[in-house]
Amino acid sequence: MMIRSTCLLLAACSVFAAAPPTPASYLGHPVGADREVVDWDKVVGYFQLLTKSSDRIRVEELGKTADGRPFIAATIAEAATLKNLDRYRDIQQRLADPRRTDPSTAEELIGQGKTVVLITCSIHATEIASTHTSMEYAYKLLTEDSPHNRAILKDVILILVPSLNPDGVDIVARWYRKTLGTPYEGSNPPELYHKYVGHDNNRDWYIFSQPETRLTVSKLHNVWHPEITYDVHQMGANGARLFVPPWLDPTEPNIDAILMQEMNMMGTAMASDLTAAGKTGVAIHGVYDFWTPSRHFMAFHGGLRMLTESASARIATPITLTADQIAPNALGYNPRERSWNYLEPWLGGTWRLRDIIDYQLIAWDSCLYNASLHRTELLRNFYRVAQRQTARTDPGAFVISAVQRDPGATRKLIETLRFGQVEVGRGADGSAVISMHQPYSGWAKTLLEVQHYPNDLLYPGGPPKRPYDVTANTLPLLMGVDVKTVKDSVAASGQWQAPPPAAGPLLKAADTDSWMAVNRAWDEGRRVWRDPSSGDFSLAERGGWKEQKRPRIALYQAWTANMDEGWTRWLLEQFHFRYTTVHNADLQAGGLRQKFDSIVIPDQAANSIENGHRAGTMPPEYTGGLGTKGAEALKEFAGAGGTLIFLNGASEYAISRLGVQAKTVTPTRGGRGGDTDFTGGDRTAGSAEFYSPGSLLNVRIDTSSPLAYGVPADIAIWSEQSPAWDTQLPVVARYTPDHVLASGWLVGEKIIANRAALIDAPIGSGHAILFGMRPQYRAQSYLTFKLFFNALVYQ
Ligand SMILES: [Zn+2]
């Protein structure tokens, strides 16, 4: 739906009688005032109001968020540009594909086009400043008559997304107001600030699982191909005031060097303008590397990814830092000392929401002004990058055979590539052919090949340097799809078509689609049987097959806002499992076996599961964990035949609190737990002995176990500082003796070689299943989804 003014008098647009209201007059307080936060409907209302008073803005609702809020984008440019948006969109699309646009036509189009800049705000909902900045900056662009502003409006099409996570705007505002004036003012909410994935919503940009990601990619990136995407974030409070690229090493090898150079150029230009405007504490080339494509979709699609990370206040509550509260070191710079990439240290003082907005206003304006100044080069290089991608010769193609163990995962893999605009042809034998002679060949290559992350130590023999996020993203390994790399080009005709999903009554255990079909059958009140040898399902009775009962599943939700819980919940819903969310009190109440067959405890540190938030750090109803009563209730549940499922770090809880007999050989880790990432400027993580910061590792499966139905003997699992064990208990997955690393980065192979990665521990007449991995990793690990699903229905 296009929400826009009906400006029929095109000539002068004299219908725009009223001047746009300032955001301050609209909100009833200055933008970024202390202890004031905005609600999403107010933000949407303001942008709608702007369309009624200016012909330089359009606002469109792209769709709905996970919780059903309107997801909007504003387009801002000269009125004449807005009248011809179709034409500028066409120019972008033609420049994006050198196979349909020859170099001389491209030169003409470059002369006529505009730089398209996409600014996206507050994907992380506690980082509230940029949504405020979006209102104030839009007002400025629409009203200020300066040469600077005119240049931007003339040369640039700005697509402004006031929030990539509108649900989170309201979740955070509600929590902030609830705790205002209490000891908990400025704390983070006890729930995820995105319905399913919380902070991981900016790790979703190659699997595209959430509606906000899908809308942004399908309706903005894939349509407009912005030359620049500027993603506005906030970070911890005790280092720089603002980070801008250049990025740290390592940079993903498939990202074109031209784009890397342009990011260096734009970032230093922004840093230079901030410094000239008197802003101190501006860091470049620190903290943030450019490795994982989970955040960098645009950089594989011809566009720059600009990022600013501002120091945070406590939501809208000011903070004051003394000089000795400034961190003595951060990755890439020392916040206490002048260096080439941190020239004017910020050495303490009061820091408030309004300060963040002031820095952002300068950074945004600098980004857009440079987008105007460099319009020609940015457009020409956009075309050039597409030429270079299309000319790729090594490899020639990737081929996905028509015969696969898991047709459901194969279809999903190909759909995922296509969603990112990868063309998939049909080979003579029905295989899917991904030629490298296409504009987004680098994107396909990154997602299909093995990652070789550098052995990045702080100093020789020293501890590992923490990657910004994970180090592997090899979809064929994650999804269990056989993909061949072919040196030469491969003939293909037409588009690959997915075969229809298996329709039953026989359903293969190896096909992830089967799980959807089985859950649907249960929804319809049908009965399901399972072959005790292969684990295949049948919707009709068969001799020797056992009836498979629908499990009554409980999923534990801590008050620590655990992203792993959110991802698990999302996965269960996608595959139509029924489940009940349980909190501390529900588990402590006991009598669990009467209510449930399996209880899932997501990745969380044992200590955090037991104790939760400490008293005094959150309102009392959100403090505490399972405690002794919860542990007793879980033991009783398993003793009476229930299945306890512990994911990754939570497995340590089963060992230390429930008495499962296994010895952890890896250094104890925290478990991911809260709605945040590991960043905070720390330079190291893990130990010099062992480190697996999001890596694919080789294990051998005991295929005789019912947990392994449908899973081949040799697979790669997702390890994120995952525990490995010595144990006499039944082991379902064991690390290989050597060549443990399949993709990404691993320090300390010897520590985990031959050790257990999945334990099936009997407790009474039930089980505790310990996953030393994340089997449901970020909607991607289709191969190990099956280990997890088998555990859910274990009886
Ligand atoms: Zn962020």
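# A walk through the predicted model

Let me start with a charge over a ring: the charged end of R241 sits over the ring of W351, 4.7 Å from its centre. A second case involves R214, whose charged end sits over the ring of F419 at 4.0 Å from the ring centre. Please keep in mind throughout that this is a predicted model.

Right beside R241 in the numbering is A240, so let's stop there for a moment. Where does A240 sit? Its place is in the loop between β6 and β7. Is A240 buried or exposed? With a relative accessibility of 0%, A240 counts as buried. If we set aside residues up to four places away in sequence, A240 touches M235, G281, A283, A311, Y333 and Y342. There is also R336, which is 96 residues from A240 along the chain, yet the two C-alpha atoms are separated by 9.2 Å.

Now to the strands around that loop. A bit of background: strands of a sheet pair through backbone hydrogen bonds, either parallel or antiparallel. Take β11, residues 304–311. Eight of its eight residues are buried, so β11 is largely enclosed by the rest of the structure. You can see this on both faces: L304, M306, T308 and S310 are on one side, R305, L307, E309 and A311 are on the other, and all are buried. You may recall A311 from the list of residues that A240 touches.

Which strands pair with β11? One of them is β6, which runs parallel to β11 and is joined to it by eight bridges. Within that pairing, V232 has T308 in β11 as its bridge partner. Another is β7, residues 242–244, which runs antiparallel to β11 with two bridges between them. There, F243 has E309 as its bridge partner.

From β6, residues 228–235, we can step across to β4, because five bridges join these two parallel strands. I119 of β4 stands opposite Y230 in β6. β4 also pairs with β5, residues 156–161, again in the parallel sense, this time over six bridges. T115 has V156 in β5 as its bridge partner.

How many residues of β4 are buried? Seven of the seven residues in this strand, 115–121, are buried, so β4 is largely enclosed by the rest of the structure. T115, V117, I119 and C121 point one way, while V116, L118 and T120 point the other way.

I119 brings us to the nonpolar cores. The largest has 208 residues, and those with the most contacts inside it are F47, I119, L160 and I434. Helix α11, residues 353–373, supplies the largest share of this core, with ten residues. What does L160 contact, leaving aside its neighbours within four places in sequence? The list is F47, A73, A74, I76, I119, C121, S134, A138 and W364. A second, separate core has 35 residues, including Y556, A662, W725 and V731.

I434 belongs to the stretch covered by strand β16, residues 432–435, and that takes us to another sheet. Four strands form an open sheet here, in the order β15-β16-β14-β17, with antiparallel pairing. Its edge strands are β15 (425–426) and β17 (483–486), and each of them pairs on one side only. β15 is joined to β16 by two bridges, and G425 stands opposite V433 in β16. Helix α13, residues 407–419, lies across β14, β16 and β17, running at about 150° to β14.

Last topic: aromatic rings. How many aromatic pairs does the structure hold? There are 33. One of them joins W515 and F537, with ring centres 5.0 Å apart and planes at 80°, so this pair is edge-to-face. W515 lies in helix α16 (residues 512–523) and F537 in strand β20 (residues 537–538), so the pair ties together parts that are 22 residues apart in sequence. Both W515 and F537 are buried. For another geometry, look at F646 and Y653: their pair is tilted, at 6.3 Å centre to centre and 35° between the planes. F646 and Y653 are buried too.

W515 and F537 also belong to a wider group. Ring pairs link them with F575, F577, F771, Y782, F785, F788 and F789 into a cluster.

Technical notes. Residues are numbered from 1 along each chain as its sequence is written. This is a predicted model: local features need pLDDT of at least 70, side-chain atom pairs count only at pLDDT 80 or more; totals for chains, interfaces and linings use all residues. Side-chain values use heavy atoms; hydrogens and water are left out. Rings of Phe, Tyr and Trp (its six-membered ring) pair if their centres lie within 6.5 Å; planes under 30 degrees apart count as stacked, over 60 as edge-to-face and the rest as tilted. Buried means under 20% relative accessible area, exposed over 50%, partly exposed in between (1.4 Å probe, protein chains only). A charge sits over a ring if NZ of Lys or CZ of Arg is within 6 Å of the ring centre and within 35 degrees of the ring normal. Two strands pair if DSSP finds at least two bridges between them. Contact means heavy atoms within 4.5 Å. Axes are lines fitted to C-alpha atoms, for helices over the stretch in contact, and angles run from 0 to 180 degrees between N-to-C directions. A nonpolar core is a set of buried Ala, Val, Leu, Ile, Met, Phe, Trp, Tyr and Cys residues joined through side-chain atoms within 4.5 Å.
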